[in-house]
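Could you take me on a tour of this structure, one selection at a time? I have it open in a viewer and would like to know what to click on and what I will find there.

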Amino acid sequence: MYDVVVIGQGLSGMLSAIWAKEHGYRTALVATGSGKIMQSTGVLDLIPGADGGLKEWSELYQLAAIEQSQLTGAMEQFKILTKRLGYPYKGDIEHLVPIVMGSGHIKETALYPETISPIKEHGQVVIVGFDEVIDFQPAYIKGNLQKARPQLSIATIEISLGKQSQRTMTQLDAARLLDKKENLDYCIKQIKQQMTVREISQPDLFIFPASLGVENWKYTLEQFTKELGAIVTEAPGMPPNTTAIRLHERLKKEAVKLGVRFYVDTTVVGCKMDRAGIESLTIKTSNHTTDISGKQFILATGGILGGGLEVTSDGVKETALELDADENGNIIHCPENLYPVGASRGFSVTHNGITGGVYSVLSSHEMVDKLHQQAIIGGIRSA
Amino acid sequence: MLELKLDELTFDKCLKCNACVSSCPVANTTLEFGGPKHLGPELKRLMNNQGIIDDKRIEFCTLCGSCDMSCPENVHVTTLTAFAKAIHSDKSGTKFRDFVLSNAEWVGKLASAFAPVTNFAMGMKPVRKVMEIVMDIPAERQFPKYRFHNFNRVYKKKTASTERKVAYFAGCYATFNAPEVAMSFIKVMEHNGIEVVKPDQKCCGVPMFANGQMKQGLKNANHNITSFLEYTRQGYDVVLTCTSCTLAFKKEYVSFLNTEEAKELASHVYDADEYLRLLKESGELNMNFAPMKVRAGYYAPCHMKAQGIGNPAMDILELIPGYEIQDVGAGCCGQCGTFGFKTEKYDVSMAIGRPMAEAVKEVDADYTVTECGMCKNQLDQLTDKTVKHPMQIVAESYERAKVLS
C-alpha cells in the first residue's frame, strides 16, 4: 500500500520520512512514542560525549566509504529544511564549536540552532537562572564552567518568571512563558535591576536555560540580545530542552503537512517476508494487530537507548522486526528492501549509546537516496 | 472504591522522561494543570504506597490521549488519569453542570425533542447569560444545533442480508446533532452493496469518563458490548463515524474493563474511513466516484490520531478524481468534548484552539474536513470555513456518479 514505511520517529525516522515524501513516495511512519528528539539537546554532535573531529569520526563510525559530496549534501539538505521550517541550524562538521551545557560542562558540537552561541576562552559571562526551573542551577553551572574555562569571569543571576505553577516547571514551561511579551519584559527588567544593584559589569555573553521562547523564539532572542546588549545563548540540559522541542514540533508538522501518514501509539511486532524481502509490517495498536504493506522499509528504531536493540543473555536482539543481529547489533542477512538508519545500524555508529545527530542526518539522507536509486532501477526492471 | 483492573505493571515502565508533559495540549497552555506524568504514573505509584488520593488538578485532563501517543514506554497514561478523575468525583462530588454535560445522550434526547425551541433558546443572549450564572457554561461558547428529526427517529433497521453487513454505532453527535452524517454513511455503504443496521445502543461513555462518571460510563460500555457482540458473532463488522466513540470501542472499553468480551468486540471495530480503506485493499470498494474539483483542508482529531491507523479519511478522499486534500498539521482543537463548555476552562480551551485556527487559515482551503463533531464545534467557532464530515463528501461523489451514469 505504501511506497516507503519508516519505523521510528526520532531524528532519523522523521528526516527519512520527510525526504522520502519529498521524492514523491507514498510514505507512512510507524512509531510507539514521540521519538527521542524530545529527550535530546537539539544540537547535532559528531561523536556524542567525546571530542574529536571529522577524521576521528570517520574512523570511529567506519565511514571510509562515504564520499565528501554525500556528507556535504546531507548537511546542506538539513540546513535548507530547518531554514524552511523557521528554525535554521548553523555550524559545520569541519569546524566544531564549543558550547556550554546546562551542567556547566563544555562540549563540541557541529550543528546548532540560532538560539545557541559558542563559548569563548575569556571574557565576562553572566548565567541567568529562573527560581521556578530547578533543573538549571546557575551556581552549580558556574562551578563546572569555571573549571573548564578558568579565564572566564562568571557571575550568576536568579530571577523569577513571576508565575505560580501546579507542577514542577521545566525549561519548556519557561520557554512558553517567554513567548509572551509581558513575561519577557518582566524578566529583562529583573536582570537589569540585579546588574545595577550588584554592580555586575557588562558581560560579553548571557547564558540561559533552553527557554528562549518556542513559537516566538526569534523575537525572544532578539529582545534579550538588544535589551541586555550582549550575545545570548541557551545551555541545554535536562529534558525537555526547548532547543529540541522546537525541532521536533516543526519536523512533525512538516511531515504531516506533506502527507506522511502517522501510525502512532503502535508497536511493530514483526514482519511478513516474501522472496523480494519484507512484504508487510505487523503492527499492534491498542487492541488490533494489523499489517502495513510497503515496497521499501526504513528502520529508524534507534540503538539500545531508542529501544531498537536489546542486549539479552542470548545476545543482541533487534526488537521491531525480530531479525537476527550479530554481537555488534548489525542485522545479519538484512532484507534487500530494508534500510537501517542512525543507531539501527548497530553499535559501530553509537557512542555512549547514541549516534550523534550528524550521523542521523547523514545516514537518513544516504538511505533515502539509495532507496530512490533502487526504486528507479526497480521501475526500469519492471517496465 | 473503583478498582483499576489493568495490568498494574504498565505504569511502572514510566521513566519520567517528560515526553507526555511536553506533548500535552493542556499542560502546554496552562500551569494550572499538574500534567499527565504527575497525575498519571506518579500519582498511581504514590497511591499504591499510600492509599487513595483525591487530586483536584485532574479536572484539567481532557483525555485527548496525546500522552499515550507520546509515551516511548507504552504507558497507558489516560487509563490512569481517567481513574484519577473517577476518584476525584467520588470523593469531591460532581458539579450539576458536569453531570449534565456527561449525560450527552439524555441531553440530546430532550434537546432534540424540543429542537426548534432549544436551538432558539440557546441562541438567545439572556438565556445564555442565565446558563452562565446557573450552570457555569460560558455565554460566548457556541453550541451545536439539535435536530427534531434525529437519527433515532429516521433509522431503525435491525437486520441485514448482504454478504458484508455493518452494525453501525452512530454516537450522540450524529444521532441528535448531525443525522446527515449518519445518513451519508448509510448511503456510502449502500453504494458498496452493504446493508447497515443500528443495534440497540447507549452513549459510548466518553463524556462520562471525562467527567469522572466512571461507573455510569462502564455501565454503558457493558451495554454496548453485549448489544454489539450479538451482531459481530453473526458476522457483522462494527463501524463508527465518530472518532471518540471509535476510540472508546477500540481502546477504552478494553483498558477500563479488561474483559474478554471487550477485547472480542474491539477486534471487530473500524472507523468508517478505515473500513472503506479495508474494502479498497481487498478490491471490494466501489470506485465509481464522480470527479469533484475541491481543495480541502483536513483537521485530524486527537482521537483519530490515537487509533494508530494513519490517515484513512485522506486516503479515501484522495480517491475522488480532482479532489485535493491537505492535512493542516494542527494539534488539539481545545474543545475536547465537554471541556470547552465549562466557564473555568473556557480560556484554556480557546488558547489551545487558536493555533489550530491559524493552521486552518494558513492552508486556506475551500472547506475543512474532520470526523469529530466536537472538533467541528470549535472549528465553527474559531474559523470562517465550512466543516464537513468525510462521509458527506464520499456520499456526494457517489450520488453524483449515479446521476451521471
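Here is a tour in short stops, through a model that is predicted.

**Stop 1: where the chains touch**

Begin by showing chain A and chain B together. The contact between them takes 35 residues from chain A and 36 residues from chain B. On chain A, select helix H5 (171-178), helix H8 (242-258) and strand S11 (261-263): each supplies at least two residues of the side that touches chain B. H8(A) gives the largest share of that side, four residues. Now colour the side of chain A that touches chain B by class, and you will find 11 nonpolar, 16 polar and eight charged residues.

**Stop 2: a parallel sheet in chain A**

Stay with chain A and select strands S8, S7, S9 and S10, which form an open sheet in that order with parallel pairing. Which strands are at the edges? They are S8 (152-159) and S10 (231-235) of chain A, each of which pairs on one side only. Neighbouring strands of this sheet are turned by 25 degrees against each other on average, direction ignored.

Next, look at S7 (123-130) and S9 (205-209) of chain A, a parallel pair held over three bridges. Click on A:Ile127, and opposite, in S9(A), you will find A:Ile207. Then add helix H4 (138-148) of chain A, which lies across S7 and S8 of chain A and runs at about 170 degrees to S8(A).

**Stop 3: a hairpin in chain A**

Select strand S4 (97-100) of chain A, which is joined to S5(A) by four bridges, the two running antiparallel. A:Val97 stands opposite A:Thr109 in S5(A). Five residues lie between the strands of this hairpin, in which A:Gly104 takes a positive phi near 95 degrees.

Now show the side chains of S5 (106-109) of chain A. Which of them are buried? A:Lys107 and A:Thr109 are buried and point to one face, while A:Ile106 and A:Glu108 point to the other and are not buried.

**Stop 4: a covered helix in chain B**

Move to chain B and select helix H4 (77-92). The 16 residues of H4(B) should span 22 Å at 1.5 Å a residue, and the end C-alpha atoms are 22 Å apart, which agrees. Is this helix mostly covered or mostly open? H4(B) is mostly covered, with 13 of its 16 residues buried. Just after H4(B), click on B:Gly93, which takes a positive phi of about 80 degrees.

**Stop 5: the domains of chain B**

Colour chain B by its domain assignment: domain 1 (8-92), domain 2 (151-202 + 214-280) and domain 3 (287-404). The C-alpha centres of domain 2 and domain 3 of chain B lie 21 Å apart. Their contact takes 23 residues from domain 2 of chain B and 21 residues from domain 3 of chain B.

On the domain 2 side, select helices H10 (171-177), H11 (179-191), H14 (243-257) and H16 (272-281) of chain B, the elements that give two or more residues to this contact. H11(B) provides the largest share of that side, seven residues.

**Stop 6: another sheet, in chain B**

Finish with strands S6, S5, S7 and S8 of chain B, an open sheet of four strands in that order with parallel pairing. Its edge strands are S6 (323-327) and S8 (387-388) of chain B. Two bridges join S7 (367-369) of chain B to S8(B), which run parallel. For a last click, choose B:Val369, which stands opposite B:Lys388 in S8(B).

Technical notes: Residues are numbered from 1 along each chain as its sequence is written. Chains are lettered from A and ligands numbered from 1 in the order in which they are written. This is a predicted model: local features need pLDDT of at least 70, side-chain atom pairs count only at pLDDT 80 or more; totals for chains, interfaces and linings use all residues. Two residues are in contact if their C-beta atoms, placed from the backbone, lie within 7 Å. Ala, Val, Leu, Ile, Met, Phe, Trp, Tyr, Cys and Pro count as nonpolar, Asp, Glu, Lys and Arg as charged, and the others, Gly among them, as polar. The expected span of a helix is 1.5 Å times one less than its number of residues. A residue is buried if 20 or more other C-beta atoms lie within 10 Å of its own, exposed if 12 or fewer, and partly exposed in between; C-beta atoms are placed from the backbone. Domain bounds come from an automatic or database domain assignment. Two strands pair if DSSP finds at least two bridges between them. Axes are lines fitted to C-alpha atoms, for helices over the stretch in contact, and angles run from 0 to 180 degrees between N-to-C directions.
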